[in-house]
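Trainee: I have just opened this one and would like to go through it slowly. Could you pick a place to begin?

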Amino acid sequence: MESAVTKMEADARAAAPTMPAAAPKKPEELRGALPPPVQGEVIAAFGAQDPRYDLKKTQRGILVRVGPKAAVTAVTAGRAVHAGPFRGYQSLVVLDHGGGLFTVYGHLEELQVKRGDWVQPGATLGVATYQPVDEAYDLYFEIRHDGKPDDPLTWLKPGSLRRVSNGAAANGGIAK
């Protein structure tokens with residue numbers, strides 16, 4: 001996914017018209033101020049190894065356990081540079097917010113946006129889909145700034161998402 005999202009970012013920078021006037025000029029001003037894309041509990045932290053799979057892969061985003069068919073919303077205004085199937089993530093939405101800031105929303109279905117759409121903050125992108133590996137509904141959420149993944153929890157309003165109570169998220173574990 002890393003190389004595909006990097007290509008999406010490069011294509012968006014090359015082809016994107018200027019952002020609407022309402023779009024923020026400096027992404028750094030958004031750090032610590034964004035609402036969560038969904039209400040839920042962080043079950044796999046940024047940078048931790050994902051213990052659900054026998055892979056040596058670390059989380060480039062966070063995994064949020066949510067209720068069935070929970071609505072997933074845009075954390076800020078942007079343009080959809082991808083909206084559709086993506087191997088391993090069911091449907092995936094990637095939003096370009098300008099200034100090198102992109103958000104990635106995975107494990108979706110019932111998409112409400114298509115590639116090229118401009119979305120407003122809080123606009124519904126789709127709903128979380130069932131994850132057989134967890135036997136639950138999860139959202140994968142990633143923030144990319146200047147071409148690199150960055151910890152989404154540093155961009156979201158403090159305390160806006162719960163963490164697993166047993167500390168598993170801090171250790172990269174999954175609470176069931």
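**A walk through the chain**

Mentor: Gln90 counts as partly exposed, since its relative accessibility is 34%; buried here means under 20% relative accessible area, exposed means over 50%, and partly exposed is in between (1.4 Å probe, protein chains only). Gln90 sits in the loop between strand E4 (78-85) and E5, where helices (H or I, at least four residues) and strands (E, at least two) are DSSP runs numbered from the N terminus. Before going on, note that this is a predicted model, in which local features need pLDDT of at least 70 and side-chain atom pairs count only at pLDDT 80 or more, while totals for chains, interfaces and linings use all residues. Residues are numbered from 1 along each chain as its sequence is written, and side-chain values use heavy atoms, with hydrogens and water left out.

Trainee: What is phi for Gln90?

Mentor: Phi of Gln90 is positive, about 50 degrees, although the residue is not a glycine. Lys69, which is also not a glycine, has a positive phi near 55 degrees. Lys69 lies in the loop between E2 and E3 and is partly exposed, with a relative accessible area of 40%.

Trainee: OK, stepping back, how many helices and strands are in the protein chain?

Mentor: The protein chain has one helix and eleven strands, and the helix comes at the N-terminal end of the order, followed by the strands. Of its 176 residues, 52% count as buried. Among contacts (heavy atoms within 4.5 Å) with a separation of 6 or more, 67% are between residues 24 or more positions apart.

Trainee: And which elements have the lowest and highest mean pLDDT?

Mentor: pLDDT is the predictor's confidence in each residue, on a scale from 0 to 100, and its mean for the protein chain is 82, with 74% of the residues reaching 70 or more. Among the elements, helix H1 (residues 2-15) has the lowest mean, 63, and strand E3 (residues 71-73) has the highest, 98. Over residues 166-176 the pLDDT is below 50, and in the model this stretch has 28 contacts beyond near neighbours in sequence.

Trainee: Back to E2, then: how many of its residues are buried?

Mentor: Strand E2 (residues 62-66) is mostly covered, with five of its five residues buried. Both of its faces are covered, with Ile62, Val64 and Val66 buried on one side and Leu63 and Arg65 buried on the other.

Trainee: Which strands does E2 pair with?

Mentor: Two strands pair if DSSP finds at least two bridges between them, and E2 pairs with strand E1 (residues 41-44) in the antiparallel sense over three bridges. In that pairing, Leu63 of E2 is the bridge partner of Ala44. E2 also pairs with strand E9 (residues 136-145) in the antiparallel sense, over five bridges, and there Ile62 stands opposite Phe141 in E9.

Trainee: Phe141 has a ring, so to speak of aromatics: how many aromatic pairs does the count come to?

Mentor: Rings of Phe, Tyr and Trp (its six-membered ring) pair if their centres lie within 6.5 Å, with planes under 30 degrees apart counting as stacked, over 60 as edge-to-face and the rest as tilted. By this rule there are four aromatic pairs. One of them joins Tyr105 and Phe141, a tilted pair with 5.2 Å centre to centre and 50 degrees between the planes. This pair links distant parts of the chain, with Tyr105 in strand E6 (residues 101-109) and Phe141 in strand E9, 36 residues apart. Tyr105 and Phe141 are both buried.

Trainee: Why is the pair of Tyr130 and Tyr137 edge-to-face?

Mentor: The ring centres of Tyr130 and Tyr137 are 5.6 Å apart and the planes lie at 70 degrees, so the pair is edge-to-face. Tyr130 is partly exposed at 38% relative accessible area, whereas Tyr137 is buried at 18%. Elsewhere, Phe86, Tyr89 and Tyr140 form one aromatic cluster.

Trainee: Last topic: which residues of the largest nonpolar core touch the most other members?

Mentor: A nonpolar core is a set of buried Ala, Val, Leu, Ile, Met, Phe, Trp, Tyr and Cys residues joined through side-chain atoms within 4.5 Å. In the largest one, of 28 residues, Leu95, Tyr105, Leu125 and Phe141 touch the most other members. At least two residues of this core come from each of E2, strand E5 (91-98), E6, strand E8 (124-131) and E9, and E9 supplies the largest share, four residues. Apart from this core lies another, of twelve residues, including Val81, Phe102, Val104 and Tyr140.
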